[in-house]
Amino acid sequence: MSLFKREDREARTDRIRDDLHDIGDQGQALGRDLRDDAQDAIEEARLQSEEQYARMAAEARRRDRRFKRSANQSLNECDRYVHENPWPSIGAATLAGAVIGLLIGRR
């Protein structure tokens with residue numbers, strides 16, 4: 001009778017040991033799968049951020065060119081107006097200087 005009990009106990013112990021090994025193996029496999037999934041998600045996020053950065057940089061360069069072109073056009077129009085109408089321009093500059101001088105002098 002005790003021999004059967006010992007064999008049953010050993011068989012149960014072996015089954016429990018095997019189950020624990022299986023659980024450990026499954027846990028390791030799950031950990032590897034999670035790590036792989038996380039690495040894939042990180043790589044995808046990195047690629048998306050690089051694409052978004054490239055789009056934003058291109059948009060910034062486009063807007064910079066447009067601003068420079070607009071500023072140059074305004075400057076050229078102002079220069080042309082001053083050359084075509086020198087005395088009104090001198091009068092306006094003198095008036096603006098006088099107003100600014102008065103405002104600063106009042107302090």
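Here are some short exercises on this predicted model, each with a worked solution.

**Exercise 1. Find Ile23 and decide whether it is buried or exposed.**

Step 1: Look for Ile23 in helix H1, which covers residues 2-84.
Step 2: Take its relative accessible area, which is 54%.
Step 3: Exposed means over 50%, so Ile23 is exposed.
Step 4: Now look at the company Ile23 keeps. Together with Ile16 and Leu20, Ile23 forms a nonpolar patch on the surface, and the accessible area of the three adds up to about 320 Å².

**Exercise 2. Work out which residues form the positive surface patch, and which gather in the negative one.**

Step 1: For the positive patch, pick out Lys5, Arg6, Arg9, Arg12 and Arg15.
Step 2: Try one of these residues in detail. Arg6 sits in helix H1, and with a relative accessibility of 48% it counts as partly exposed.
Step 3: For the negative patch, pick out Asp18, Asp19, Asp22 and Asp25 on the surface.
Step 4: Again, try one member. Asp25 also has its place in helix H1, and its relative accessible area of 46% makes it partly exposed.

**Exercise 3. Say how many salt bridges the structure holds, then examine the one between Arg63 and Glu59.**

Step 1: Start with the idea behind the pairing: side chains of opposite charge can pair when their charged atoms come close.
Step 2: The count for the structure is eight salt bridges.
Step 3: Check the distance for this pair. The closest N and O atoms of Arg63 and Glu59 are 2.8 Å apart, and a salt bridge needs the nitrogen within 4 Å of the oxygen.
Step 4: Place both partners. Arg63 and Glu59 belong to helix H1 and are four residues apart, about one turn of the helix.
Step 5: Compare their surroundings. Arg63 is exposed at 54% relative accessible area, whereas Glu59 is partly exposed at 26%.

**Exercise 4. Do the same for Lys68 and Asp64, and for Glu84 and Arg80.**

Step 1: In the salt bridge between Lys68 and Asp64, the closest N and O atoms lie 3.3 Å apart.
Step 2: These two residues are both in helix H1, with a spacing of four residues, or about one helix turn.
Step 3: Lys68 is partly exposed, with a relative accessible area of 49%, and Asp64 is partly exposed too, at 35%.
Step 4: Turn to Glu84 and Arg80, whose salt bridge has its closest N and O atoms 3.5 Å apart.
Step 5: Because Glu84 and Arg80 are four residues apart in helix H1, about one helical turn separates them.
Step 6: Arg80 has 46% relative accessibility and so counts as partly exposed.

**Exercise 5. Name the residues linked with Arg46 in a network of salt bridges.**

Step 1: Find Arg46 and look for its network partners.
Step 2: The network links Arg46 with Glu43 and Glu50.

**Exercise 6. Is Ser89 buried or exposed, and which residues is it in contact with?**

Step 1: Go to helix H2, residues 86-105, where Ser89 has its place.
Step 2: The relative accessibility of Ser89 is 15%.
Step 3: Buried means under 20%, so Ser89 counts as buried.
Step 4: Set aside the neighbours within four places in sequence; Ser89 is then in contact with Tyr81 and Val82.

Terms used. Residues are numbered from 1 along each chain as its sequence is written. This is a predicted model: local features need pLDDT of at least 70, side-chain atom pairs count only at pLDDT 80 or more; totals for chains, interfaces and linings use all residues. Side-chain values use heavy atoms; hydrogens and water are left out. Patches are made of residues with over 30% relative accessible area and no salt bridge: like charges are joined within 9 Å, nonpolar side chains (Val, Leu, Ile, Met, Phe, Trp, Tyr) within 5 Å. Accessible areas come from the Shrake-Rupley method with a 1.4 Å probe; for residues, only the protein chains shown count as cover. A salt bridge is a side-chain nitrogen of Lys or Arg within 4 Å of a carboxyl oxygen of Asp or Glu. Buried means under 20% relative accessible area, exposed over 50%, partly exposed in between (1.4 Å probe, protein chains only). Contact means heavy atoms within 4.5 Å. Lys and Arg count as positive and Asp and Glu as negative; His and the chain ends are not counted. The place of a charge is taken as NZ of Lys, CZ of Arg, CG of Asp or CD of Glu.
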